[in-house]
Amino acid sequence: MTDIVEDLRAMAANPGGYAKAEVVELLMKAADTIENDRAALAKARGGIIEAIGHLDKAIGRRVDEGA
């Protein structure tokens, strides 16, 4: 994503130096990257919630057993 950010900054610094199609293409690439990151974060969040559930059950068993 760093390349996209650098490219967007370059475009912002010199807006007249880029064709509309170039700007749209880069913005679409940035949007795709953000969406992919969002999906990966959602998947990781699901895994974290599942892991916490397993920990809660394990801790509950230990408390019930008097450990």
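**A guided tour of a two-helix chain**

Begin by selecting D7, which is found in helix 1, the element that covers residues 2–13. The model on display is a predicted one. With D7 highlighted, consider its surroundings: is this residue buried, partly exposed or exposed? D7 counts as partly exposed, because its relative accessibility is 39%, a value that falls between the limits of 20% for buried and 50% for exposed.

Keep D7 selected and add V23. Along the sequence these two residues are 16 residues apart. In space, D7 and V23 are separated by 9.5 Å, taken from C-alpha to C-alpha.

Next, display the whole chain as a ribbon. Its secondary structure consists of 2 helices and 0 strands. Helix 2 takes in residues 20–65. Now switch to a surface view. The accessible surface of the chain amounts to about 5,700 Å², and carbon and sulfur atoms account for 59% of that area. The chain has 67 residues, of which 7% count as buried.

Return to the ribbon and select A30, a residue of helix 2. A30 counts as buried, because its relative accessibility is 8% and the cut-off for buried is under 20%. Which residues is A30 in contact with, once its neighbours within four places in sequence are left aside? They are I4 and L8. Select I4 together with A30: the two are 26 residues apart in sequence, yet their C-alpha atoms lie 6.4 Å apart in space.

For the last stop, remain in helix 2 and select R38 and E35, which are both part of this helix. The structure holds 1 salt bridge, and R38 forms a salt bridge with E35. The closest N and O atoms of the pair are 2.8 Å apart. Side chains of opposite charge can pair when their charged atoms come close. Why are R38 and E35 separated by about one helical turn? The reason is that they are 3 residues apart in helix 2. Finally, examine how far each partner is covered. R38 is partly exposed, with a relative accessible area of 46%, and E35 also counts as partly exposed, at 39% relative accessibility.

Definitions and conventions: Residues are numbered from 1 along each chain as its sequence is written. This is a predicted model: local features need pLDDT of at least 70, side-chain atom pairs count only at pLDDT 80 or more; totals for chains, interfaces and linings use all residues. Side-chain values use heavy atoms; hydrogens and water are left out. Helices (H or I, at least four residues) and strands (E, at least two) are DSSP runs, numbered from the N terminus. Buried means under 20% relative accessible area, exposed over 50%, partly exposed in between (1.4 Å probe, protein chains only). Accessible areas come from the Shrake-Rupley method with a 1.4 Å probe; for residues, only the protein chains shown count as cover. A salt bridge is a side-chain nitrogen of Lys or Arg within 4 Å of a carboxyl oxygen of Asp or Glu. Contact means heavy atoms within 4.5 Å.
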